[in-house]
2 protein chains.
Amino acid sequence: MQQTNIVMNKCDQCIVRQLSSLKALNKEEVIKLASSKTSYKIKKGEAIFEEGEVTNGVFCIKDGVGKLSKLSANGKDQIVKLVKSGELLGQRSMISNEPANLTAKAIADMEVCFIPKTEIINFFNNNNQFSLNLMQSVCEDLKESENEKIALVQKTVKQRLAETLLQLHDEFGEDADKTLKVQLTREELAGIIGTATESCIRLLSDFNKLGLIELVGKKIMLKDVRALKKLADN
Amino acid sequence: MQQTNIVMNKCDQCIVRQLSSLKALNKEEVIKLASSKTSYKIKKGEAIFEEGEVTNGVFCIKDGVGKLSKLSANGKDQIVKLVKSGELLGQRSMISNEPANLTAKAIADMEVCFIPKTEIINFFNNNNQFSLNLMQSVCEDLKESENEKIALVQKTVKQRLAETLLQLHDEFGEDADKTLKVQLTREELAGIIGTATESCIRLLSDFNKLGLIELVGKKIMLKDVRALKKLADN
DNA sequence: AAAATAACATGATAATTGTCATCTTAAAAA
DNA sequence: TTTTTAAGATGACAATTATCATGTTATTTT
């Protein structure tokens, strides 16, 4: 009794439980979840899963930041999405019954839990609110992906960089020194906006000269959010 | 009794019922469906719904071809997805409880049925197989969107055109004269691959000269599928 | 601390793609 | 059928972006 309580609390108070589709689970379900999950620590740069791998479950992100990306023929890494604590990972391929379409790697040290597919399917079939949540989460991803697809075509690299900087600021916030909290290399930033690393660096340098941002070493501080917004929207 | 049978058969034998998530519905549910749906005919060029519109339900495509697109600031129409008979339309915004993110227009004369949201939610909550199907359908869209997003960045316009021609051939097949069955204008084709109309026309002309395709008036015939595949995959 | 490596930066140049102008042909409207 | 409009085609040119080369500055590793 004592033990189940401890285990339950572990999942019950978890940030993922509070923010993701899992918030729809009832006490009993959370207890089941806690007993079937396994925890991992993943160091910056390491992979959670790789493209083509069969995951057979989803990953809860307790802490850290990760990237979902695909390697191209010419060796460039196109980043499809960043994920942070509170989110679930690998929902799509689990539901589609397919190997992972993308590689998931840690950008900052991560703590994740793995939940086996059988558990998720069970929740999906028996908890309408959970299945609706999961559905809405995938729908949200779809909308975002479609809009990014459109932006890739309709906006210039400069516009996309401005837009991405604003998004990173919105989603991850800033450090005490007012710089962006997510620590991306220029190469990774280029991978998000879909351009060459040099182009990205050059534009950051331009933005810096124009006073839109300030480069503090490798870190980036947004100086003129209004102008960046204007630039992003053309 | 006689009447319910007739109505039920109408939906029961419909191609959408056979191909979409709706295949999971049982007899009773199909009867409910048939009594709540409304049918429309939509002429080529007309809209089913427009961006920003609240649809409050999904559309079944009984016949015809449609495009989901978004108009850019400079007046260009980026096509996100083509839809054909047997598919459902507007699932995402219905589930997300949001106005439509994209505009849906007919590319060829269409017959569609509208199913109100209340019905779909009802099926979703009471029929596990239906909700799983719907989920998988959205997941499939997501995977496709992500892969297209990656292709948009990692491939040249030439490669994307080759790829798109092959996809159109795969998905819609060819007419008796061996030309592609979907009748897209050059502008629409350009909207799919995400390029300027002139660039698209120029590349089609190049492909023609290289013997990869043949231009029969406005129609396109694939002549060398193998070479097109090689080009698309780089 | 020294050496090695990775990340950042910038110039020079080439390739790709977009824009504008003009023309032809096909389709729709009068 | 004639007129008008839309779609397709092609050239000339400009803008954007990628690539290659090279140098500098931070990080790691030894």
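Which residue just after α8(A) takes a positive phi? Gly194(A) does, at about 75°.

This is a predicted model: local features need pLDDT of at least 70, side-chain atom pairs count only at pLDDT 80 or more, and totals for chains, interfaces and linings use all residues. Residues are numbered from 1 along each chain as its sequence is written, while chains are lettered from A and ligands numbered from 1 in the order in which they are written.

**View 1. Helix α8(A) and its surroundings.** Helices (H or I, at least four residues) and strands (E, at least two) are DSSP runs, numbered from the N terminus. Leu189(A), Ala190(A), Gly191(A), Ile192(A) and Ile193(A) are buried in this helix. Buried stands for 20 or more other C-beta atoms within 10 Å of the residue's own, with C-beta atoms placed from the backbone. The buried residues of α8(A) pack against β3 (57-71), β4, α7 (157-172) and α9 of chain A.

**View 2. The two domains of chain A.** Domain 1 covers 2-140 and domain 2 covers 155-232; such bounds come from an automatic or database domain assignment. Their centres, taken over C-alpha atoms, are separated by 28 Å. Ten residues of domain 1 of chain A are in contact with eight residues of domain 2 of chain A. Contact requires C-beta atoms, placed from the backbone, within 7 Å. On the domain 1 side, β3, β4 and β6 (103-116) of chain A each supply at least two residues. The largest share there, four residues, belongs to β4(A). That side divides into four nonpolar, two polar and four charged residues. Ala, Val, Leu, Ile, Met, Phe, Trp, Tyr, Cys and Pro count as nonpolar, Asp, Glu, Lys and Arg as charged, and the others, Gly among them, as polar.

**View 3. The contact between chain A and chain B.** A rotation of 180° with 0.0 Å of shift along its axis superposes chain A on chain B, at RMSD 0.0 Å. The two copies are thus related as by a two-fold rotation axis. The same surface serves both: 100% of the contact residues of chain A recur in chain B. Superposition is by least squares on the C-alpha atoms of residues with pLDDT of at least 70 in both copies. Each chain is represented in the contact, with 31 residues from chain A and 31 residues from chain B. On the chain A side, β4 (77-84), α4 (91-96) and α6 give two or more residues. Helix α6(A) has the largest share, 18 residues. By class, this side has ten nonpolar, twelve polar and nine charged residues.

**View 4. The largest nonpolar core.** It has 128 residues, and Val138(A) and Val138(B) have the most contacts inside it. A nonpolar core is a set of buried Ala, Val, Leu, Ile, Met, Phe, Trp, Tyr and Cys residues joined through C-beta atoms within 7 Å. Helix α6 (residues 128-154) of chain A gives the largest share, nine residues. Beyond its neighbours within four places in sequence, Val138(B) is in contact with Met135(A), Val138(A), Cys139(A), Leu142(A), Gln91(B) and Arg92(B).

**View 5. The surface near DNA strand C.** Of the 19 residues that surround this strand, the closest are Thr185(A), Arg186(A), Ser205(A), Thr156(B) and Ser199(B). A residue is near a strand if its C-beta atom, placed from the backbone, lies within 6 Å of it. Helix α9(A) gives the most, with five residues. The surface divides into five nonpolar, seven polar and seven charged residues.

Key: Buried ≥ 20, exposed ≤ 12 C-beta atoms within 10 Å, placed from the backbone. Contact = placed C-beta atoms within 7 Å.
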